[in-house]
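These notes are written for a colleague who is opening this structure without having seen it before. They are set out as numbered points, so that each can be checked against the view below.

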Amino acid sequence: MTVSFEQPDSQSQVVDTKNQCELVLDGGFMVPNNSGGFDAPDINAFGHTFRDYEIESERQKQVEEFYKMNHINQTYDFVKRMREEYKKLDKLEMSIWECCELLNEVVDDSDPDLDEPQIQHLLQTAEAIRKDYPNEDWLHLTALIHDLGKVLLLPKFGELPQWAVVGDTHPLGCAFDESIVHNKYFKENPDSNNPAYQTKNGIYPQGCGLDNVMISWGHDDYMYLVAKENGTTLPQAGLFIVRYHSFYPLHRAGAYKHLMNEEDVENLKWLQIFNKYDLYSKSKVRVDVEEVKPYYLSLIEKYFPEKLRW
């Protein structure tokens, strides 16, 4: 395929325990208010603070150039085309683990914190969550699969450019929030010339729900489509994490909350738990893939079909 680029129940209840309060969400999953046992490091793999886009370095220059291209080319019409094309799931058939192994070929140019092969990031995230939340196996698997959509960078999947696959995501069809990294480059985006897109709500009713919002295209939305269309039994919170884990303006800066519905609000609590592990577990210390593989294969068998359409 050749792509042409022209440019849980929403109610929660409080349960008292000896040492903490917990939120009980749909499906019986409990979200502790405490931060868990994971000890987040102070610096990333390059010796800098995490998600610092201002430090002068060759890596940072590469990241800024990435966001320039992303912000100029991610338009409402572009995202609509990508969703229509990739929802066909006609690229190939393979298992979840086969896709994990493909990520050995991928490095994310948008990430200022890491330049390791992606499969290590998946396992580092999953293992850190598994340690703190041993009973939430769906969350371990969600961590393993959350970045699998980055295979869009590979020839078999259309070999999309980095700006169309990775990086932070944001809504289209409404005003670009100032919290979006390298916001200055949106002035060159064609959508900036559309008056209908320049207000806070833009084309969306307040509280419409994120399902009804056009979010910039990338690996998040693609993997969500793959999981949903192949009939995964992961809970809605897991699918929400997969789809919006790069939506940093929302879960880090609190932007665009006016577009959320009640279900989004509940699922966001799980995403904010997940986010700490996704961001701060990035490390040069590698996970022994063969040692943990049997456990994750058992989770894949539980929540996914043997082969998926991609």
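**Notes on the predicted model**

1. A salt bridge joins the side chains of Glu-85 and Lys-88, with N and O 3.2 Å apart. The two partners can be told apart by their cover: Glu-85 has a relative accessible area of 16% and is buried, whereas Lys-88, with a relative accessible area of 48%, is partly exposed. It should be kept in mind throughout that this is a predicted model.

2. For general orientation, the protein chain contains 10 helices and seven strands. Of its 310 residues, 57% are buried. The area that the protein chain exposes comes to about 13600 Å², and 46% of this is supplied by carbon and sulfur atoms.

3. The structure holds 12 salt bridges. One of them is formed by Arg-83 and Asp-221, whose closest N and O atoms are 2.8 Å apart. This pair links distant parts of the chain, since Arg-83 belongs to helix α2 (residues 76-86) and Asp-221 to helix α6 (residues 219-229), with their positions 138 residues apart in the sequence. Arg-83 counts as buried because its relative accessible area of 18% falls under the 20% limit. Asp-221 is buried as well, at 4% relative accessibility.

4. A further salt bridge is made by the side chains of Lys-302 and Asp-137, where the distance from N to O is 2.8 Å. Here too the pair links distant parts of the chain: Lys-302 sits in helix α10 and Asp-137 in helix α5, and the two are 165 residues apart. Asp-137 counts as buried, with a relative accessibility of 15%. Elsewhere, salt bridges with shared partners bring Arg-83, Asp-211, Asp-221 and Arg-243 together in one network.

5. How many residues of helix α5 are buried? In this helix, which spans residues 137-145, nine of the nine residues are buried, and the helix is therefore described as mostly covered, buried meaning under 20% relative accessible area. The buried residues of α5 include Asp-137, which was met above as a salt-bridge partner, and also Trp-138, Leu-139, His-140 and Leu-141. Thr-142, Ala-143, Leu-144 and Ile-145 are buried in α5 too.

6. Ile-300 is a residue of helix α10, and at 8% relative accessibility it counts as buried. Leaving aside residues up to four places away in sequence, Ile-300 touches Ile-96, Trp-97, Leu-141 and Leu-144. Two of these contacts, Leu-141 and Leu-144, are buried residues of α5. Ile-300 and Thr-142 are separated by 158 residues in sequence, and their C-alpha atoms lie 10.0 Å apart in space.

7. Helix α7 (residues 236-244) has eight buried residues out of nine, so this helix is largely enclosed by the rest of the structure. Among the buried residues of α7 are Ala-237, Gly-238, Leu-239 and Phe-240, and the list also includes Ile-241, Val-242, Arg-243 and Tyr-244. Arg-243, then, is both a buried residue of α7 and a member of the salt-bridge network described under point 4.

8. Two residues deserve a look for their backbone angles. Glu-159, although not a glycine, has a positive phi of about 50 degrees; it is placed in the loop between α5 and β5 (171-172). Tyr-256 is likewise not a glycine, and its phi is positive, near 70 degrees; this residue is found in the loop between α8 (248-251) and α9. Are these two residues buried or exposed? Glu-159 is exposed, with a relative accessible area of 53%, while Tyr-256 is buried, with a relative accessible area of 4%.

9. Which residues form the negative surface patch? Glu-101, Asp-288, Glu-290 and Glu-291 make up this patch. Asp-288 is located in the loop between α9 (262-280) and α10 (289-303), and its relative accessible area of 44% makes it partly exposed.

Technical notes:
Residues numbered from 1 in each chain as written. Predicted model: local features only at pLDDT ≥ 70, side-chain atom pairs only at ≥ 80, totals over all residues. Heavy atoms only, no water. Helix = DSSP H or I, 4+ residues; strand = E, 2+ residues; numbered from the N terminus. Buried < 20%, exposed > 50% of the residue type's maximum accessible area, 1.4 Å probe, protein only. Areas by Shrake-Rupley, 256 points an atom, 1.4 Å probe, with all protein chains shown as cover. Patch = residues over 30% accessible without salt bridge, like charges linked within 9 Å, V, L, I, M, F, W, Y side chains within 5 Å. Salt bridge = Lys/Arg side-chain N within 4 Å of Asp/Glu carboxyl O. Lys, Arg positive; Asp, Glu negative; His and termini not counted. Charge placed at Lys NZ, Arg CZ, Asp CG, Glu CD. Contact = heavy atoms within 4.5 Å.
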